[in-house]
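Take a look at the chain below before you start, and keep a viewer open if you can. The exercises come with worked solutions, so try each task before reading on.

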Amino acid sequence: GDDEQLSFEHIPATKWNKDGKKMMGLFADYMRREGLSLSANLGYCSAIKTHLLHKMENELNEGMFPGGKGIWYTQLRSNITKTYIEACSKSNTAVAEHAPQMTEEDLLLVVSVLIDTNDVYAVADRCVLVMQWYLLGRISEMYNLSLRQLTYNPEVCAVVIKDFLRGKTSHVQNEIHVLIHRLHWQICPLHALASHIATWKTMETLFSEEVFTSNKTIGSHLNSLFNDFYTRVVNERNSELGCVTPGLTSHSVRRGGLNKANKHPGISLQWLITRGGWAMEGLMTIFNYLTGTVETDLPVGRVLAGWPDPQRGGRIPQVTDLPIEDQPQFTSMVTTLFAGVDLTLAFKTMLTIVLVMPYGEYADNYCVKERLDEAIQQGRKEEWDGKLTKWSESLRSTFDNLNGAYMPTNVLSKDAVLLASDVHSVQTSIATD
């Protein structure tokens, strides 16, 4: 009867321990009566369980989710599914229609619109969308992603996400690798992360509720974003944007990333099952014991980032690739750009390099460009004027030299120097590009 909106924070652990199973059952029945699809119903139940394990793990009774599962919870999901099947059998309708899979072209178009929107909330929307694609994640799982889970491995030039909690299975993934995109900074996970962290730098949890303009969950917010994309943008700019897959939902992102990686002949289906945290925990454990994480996950991360060879490509320039006289000023900019962010200097430097490389492609009023401009403007104007453009060109040239053998020749800078050994090793892969 209260006017105040009910949220998880209003329900203490003692109440969950006493009546949690009953409350989840009643909520699932309510969602069914309200017309939510089976997948949405199961998704919300999964999101509740993930939230409880994340926020109240030490306060819940062992009987709630023993080992992160619980026989009662498995039975609840089974009963929900059975109820939907019986209802659909009576009405002679299908239980559920799968969300259409998002293509990489769809991802690029949606993200381009977010970049054009050009505010801090669009930066957050872009990051959650791009990271979901590369993590092969359920949208409910993005709630748990925090800065302390991110590390940088300079040997393989990858951001490593540690201990990523999978909502449906409660499986904790040890490591997931994301790499720089081969061609498009707009859908690059490292660029999206760098933009988001530089903009929302005081945040520990990357995708808390305050980074969204609505009071909805991430899943409903993303679905609203897609609906708005179609009704507001595509109808007005269809000829400019081209064809976009209709009916996208938040689950389309997970399906799209999976299908993108699965098309590559060098990627094993088992690697994708492990990467996406599908419900084959016993098999995943055995597989990780036999092959390890880096050997199987890194190739998937590389292919998702557009590299044709799962074992090569994606090297990132370093600050030492800049003129020696510019290196102290660049490091000073790094410190200013990510002041207060609890990441290593090497990690911050890499993120800054990823932001600076496409500097010349940014619109003048792009909020990320403005953040870079603010960060460098610490001294006299003659000391920094034109430096970001110069550094962008220099770093891009180095990037092409490091990775040019794995890229189409028409995108390389004019002074790129390719190593003959690298060219020979990927001639077959590039031939079909």
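The exercises below go through a predicted model.

**Exercise 1. The overall make-up**

Find how many helices and strands the chain has, and what percentage of its residues count as buried.

*Solution.* Begin with the secondary structure, which comes to 18 helices and 3 strands. Next, turn to burial: 51% of the 433 residues count as buried. Finally, look at contacts with a separation of 6 or more: residues 24 or more positions apart account for 66% of them.

**Exercise 2. The sheet**

Work out the order of the strands in the sheet and say which strands lie at its edges.

*Solution.* Step one: the strands are arranged as β1-β2-β3 in an open sheet, with antiparallel pairing. Step two: β1 (150–153) and β3 (172–179) each pair on one side only, which puts them at the edges. Step three: on average, neighbouring strands are turned by 30° against each other, direction ignored.

Now check the pairing strand by strand. β1 and β2 are joined by 4 bridges, and one pair to look for is threonine 151 with its bridge partner in β2, valine 160. Between β2 (residues 158–165) and β3 there are 7 bridges. Here lysine 162 faces glutamate 175 in β3, and leucine 165 is opposite valine 172 in β3.

A helix completes the picture. Helix α6 (residues 189–199) packs on the sheet and touches β1, β2 and β3. The direction of α6 makes about 100° with that of β3.

Is β2 largely enclosed or largely open? Count its buried residues: 6 of the 8 are buried, so β2 is largely enclosed by the rest of the structure.

**Exercise 3. Two residues with positive phi**

Locate asparagine 118 and cysteine 157, and describe the backbone at each.

*Solution.* Start from the general expectation: most residues other than glycine have a negative phi. Asparagine 118 has a positive phi, near 60°, and sits in the loop between α4 (104–117) and α5. Cysteine 157 is also not a glycine, and its phi is positive at about 55°. To place cysteine 157, follow the hairpin formed by β1 and β2, which has 4 residues between the strands; cysteine 157 is in that turn.

Is cysteine 157 buried or exposed? The cut-off for buried is under 20% relative accessible area. Cysteine 157 has 8% relative accessibility, so it counts as buried.

**Exercise 4. The nonpolar cores**

Name the residues with the most contacts inside the largest nonpolar core, then find a second core.

*Solution.* The largest core has 91 residues, and Leu150, Ile197 and Phe330 have the most contacts inside it. Helix α5 (residues 120–135) gives the largest share, 10 residues. Apart from that core there is a second, separate one of 19 residues, with Ile11, Met31, Leu76 and Ile80 among them.

Try selecting isoleucine 197 next. Setting aside neighbours within four places in sequence, isoleucine 197 is in contact with Leu147, Leu150, Leu206, Phe338, Val341, Leu343 and Leu351.

**Exercise 5. Two helix pairs**

For α12 with α13, and for α14 with α16, describe how the helices cross and what makes the contact.

*Solution.* Take the first pair. The axes of α12 (residues 327–337) and α13 (residues 345–356) come within 9 Å and cross at roughly 100°. The range from 65 to 115 degrees counts as roughly perpendicular, and α12 and α13 are therefore roughly perpendicular to each other. From α12 the contact uses Phe330, Met333, Val334 and Leu337; residues on the α13 side include Leu345, Lys348 and Ile353. Sorted by class, this contact has 8 nonpolar, 2 polar and 1 charged residues.

Now the second pair. α14 and α16 (residues 387–403) pack at about 115°, with axes 11 Å apart. That makes α14 roughly perpendicular to α16. Leu372, Asp373 and Ile376 of α14 meet Lys387, Leu388 and Trp391 of α16. By class, the contact has 4 nonpolar, no polar and 2 charged residues.

To finish, why is α14 described as largely enclosed? In α14 (residues 367–376), 8 of the 10 residues are buried, so the helix is largely enclosed by the rest of the structure. Among the buried residues are Lys369, Arg371 and Asp373.

Key. Residues are numbered from 1 along each chain as its sequence is written. This is a predicted model: local features need pLDDT of at least 70, side-chain atom pairs count only at pLDDT 80 or more; totals for chains, interfaces and linings use all residues. Side-chain values use heavy atoms; hydrogens and water are left out. Axes are lines fitted to C-alpha atoms, for helices over the stretch in contact, and angles run from 0 to 180 degrees between N-to-C directions. Angles under 35 degrees count as roughly parallel, over 145 as roughly antiparallel, 65 to 115 as roughly perpendicular and the rest as oblique. Contact means heavy atoms within 4.5 Å. Ala, Val, Leu, Ile, Met, Phe, Trp, Tyr, Cys and Pro count as nonpolar, Asp, Glu, Lys and Arg as charged, and the others, Gly among them, as polar. Buried means under 20% relative accessible area, exposed over 50%, partly exposed in between (1.4 Å probe, protein chains only). Two strands pair if DSSP finds at least two bridges between them. A nonpolar core is a set of buried Ala, Val, Leu, Ile, Met, Phe, Trp, Tyr and Cys residues joined through side-chain atoms within 4.5 Å.
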